[in-house]
Every structure is written in structure tokens, then in C-alpha cells.
Amino acid sequence: MKCLTIRQPWATLIALGEKQFETRSWKTAYRGELAIHAGMGIDKAVCKREPFRSALSRHGFTAGNLPLGAIIATSRLADCHKVSLDDAEEGWPGGDEFAFGDYSQGRFAWKLEGVTALAHPIPAKGRLSFWEHPVLEGEQ
């Protein structure tokens, strides 16, 4: 299965269903199953700011107990939207979702659907871009 490494707390926000778009500087034509891997990096300062703090605490998380170095969810990458000047000026997609990503003009918002958190995270080393994990089938 294809995997994408995402820094914390953003990876956990996706796994919890609080974040539906992953913003990137690059586009992708890939559509399909995508595992969410929580990298080893964590932005502890962001975890203390709103709306991050509230979203994490609703689910019992803080900067101190976020999973690191593990695949934590599966999803389906459904779309890749190029953020336009109009989107950026209007604050699309709005609410906490806008705060959880970088919706600057020219970036790309990857729509994640069917996100399912894994009951047991799978330890794994992350990589840049997409990477493959062979043992994910049937692990959910």
C-alpha cells in the first residue's frame, strides 16, 4: 500500500477525522488507498495553539502522547485541488480545516476520504514522497 509520512500533530488530526485535506507543495495524479504515517517530527508549539490544542484534547491527545514513527491510519486519496488566489483569499476550505493546512496560492490540497484509524499502529520508518509498505493488507 502507498504511504505518506506526515509530521505530528497533522498526521493524528487526519487519523481522528479532524483534518480532511493534506496540503502539499506538489500535485499528484495518484488516486486510491493511502496509509497515513506519523513521522518522528512533532511541532510541540503548534500542539499548544488553537484550534490544534482543542481538536487534539477532544480525543485525549497532547504533544506528549502523539504516536511517532508509525502508520496510524488508512484512507483513500480522492482528489488533488490546486489552491487558487480566489481560494486563498476566501479562506477555503474554512473553519479549523483552513487552520490545519497551508492554503497559499499554488499549493495543492489532497482530499482524503474514508479515513480509518488503525487499532494498533504499525511501526515503520518514513520516507519522502510516496512509499510502499507491504504488510498493510488486513491490518486494520
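Where is Ser-129 found? Ser-129 sits in the loop between β5 and β6 (130-132). The model is predicted. In it, Ser-129 has a positive phi of about 60°, although this residue is not a glycine. Ser-129 is partly exposed, with a relative accessible area of 38%.

**The nonpolar cores**

Now to the inside. The largest nonpolar core has 27 residues. Ile-6, Ile-36 and Ile-72 have the most contacts inside this core. Several elements give it two or more residues each, including the strands β1 (2-8), β3 (32-42), β4 (70-82) and β5 (108-123). Helices do so as well: α1 (10-15), α2 (44-47) and α3 (52-57). Another core lies apart from the largest one. This other core has eight residues, among them Ala-35, Leu-118, Ala-124 and Trp-131.

What does Ile-6 touch, leaving out residues up to four places away in sequence? Its partners include Ala-11, Ile-14, Ile-36 and Ala-38. Ile-6 also touches Glu-22, Arg-24, His-37 and Gly-39.

**Two buried residues in strands**

Gly-39 lies in strand β3. Gly-39 is buried, with a relative accessible area of 6%. Neighbours within four places in sequence aside, Gly-39 is in contact with Thr-5, Ile-6, Gln-8, Leu-68 and Gly-69. His-59 is 20 residues from Gly-39 along the chain, and the C-alpha atoms of the two are separated by 20 Å.

Ser-75 lies in strand β4. At 5% relative accessibility, Ser-75 counts as buried. Again leaving aside neighbours within four places in sequence, Ser-75 is in contact with Gly-32, Glu-33, Leu-34 and Ile-36, among others. Its contacts also include Leu-112, Glu-113, Gly-114 and Val-115.

**Two cis peptide bonds**

Which residues does a cis peptide bond with an omega of about 15° join? They are Gln-8 and Pro-9. Pro-9 lies in the loop between β1 and α1. A cis peptide bond also joins Glu-50 and Pro-51, with omega about 5°. Pro-51 has its place in the loop between α2 and α3.

**A buried charge without a salt bridge**

Asp-43 is in the loop between β3 and α2. Is Asp-43 buried or exposed? Asp-43 is buried, yet has no salt bridge. The nearest side chain of opposite charge is Arg-7, 4.2 Å away. A salt bridge needs the nitrogen and oxygen within 4 Å, so this pair does not count. Asp-43 does have a polar partner: a polar atom of its side chain lies 3.0 Å from the backbone nitrogen of Val-46. Apart from neighbours within four places in sequence, Asp-43 is in contact with Arg-7, Gln-8, Pro-9 and Trp-10.

**Salt bridges**

Side chains of opposite charge can pair when their charged atoms come close. How many salt bridges does a search of the whole structure find? The search finds eight. The table shows some of them.

| Pair | Closest N to O distance |
|---|---|
| Lys-19 and Glu-22 | 3.7 Å |
| Glu-22 and Arg-24 | 3.0 Å |
| Asp-79 and Arg-31 | 3.8 Å |

Lys-19, Glu-22 and Arg-24 are linked in a network of salt bridges. Lys-19 counts as buried, at 1% relative accessibility. Glu-22 is buried too, with a relative accessible area of 7%. Arg-24 is likewise buried.

Next comes the pair of Asp-79 and Arg-31, whose side chains meet in a salt bridge. Asp-79 lies in strand β4 and Arg-31 in the loop between β2 (21-24) and β3, so the pair ties together parts that are 48 residues apart in sequence. Asp-79 is partly exposed, at 37% relative accessibility. Arg-31 is partly exposed, with a relative accessible area of 37%.

**Cysteines**

How many disulfides are counted? The count comes to zero. Cys-3 is in no disulfide: the nearest cysteine sulfur, that of Cys-80, is 18 Å away. A disulfide requires two cysteine sulfur atoms within 2.5 Å, so Cys-3 does not qualify. Cys-3 is buried, with a relative accessible area of 0%. Cys-47 is buried as well, with a relative accessible area of 5%.

Conventions: Residues are numbered from 1 along each chain as its sequence is written. This is a predicted model: local features need pLDDT of at least 70, side-chain atom pairs count only at pLDDT 80 or more; totals for chains, interfaces and linings use all residues. Side-chain values use heavy atoms; hydrogens and water are left out. A nonpolar core is a set of buried Ala, Val, Leu, Ile, Met, Phe, Trp, Tyr and Cys residues joined through side-chain atoms within 4.5 Å. Buried means under 20% relative accessible area, exposed over 50%, partly exposed in between (1.4 Å probe, protein chains only). Helices (H or I, at least four residues) and strands (E, at least two) are DSSP runs, numbered from the N terminus. Contact means heavy atoms within 4.5 Å. Lys and Arg count as positive and Asp and Glu as negative; His and the chain ends are not counted. A polar contact is a pair of N or O atoms within 3.5 Å; within protein, one must be able to donate a hydrogen and the other to accept it, and residues adjacent in sequence count only if both atoms are side-chain atoms.
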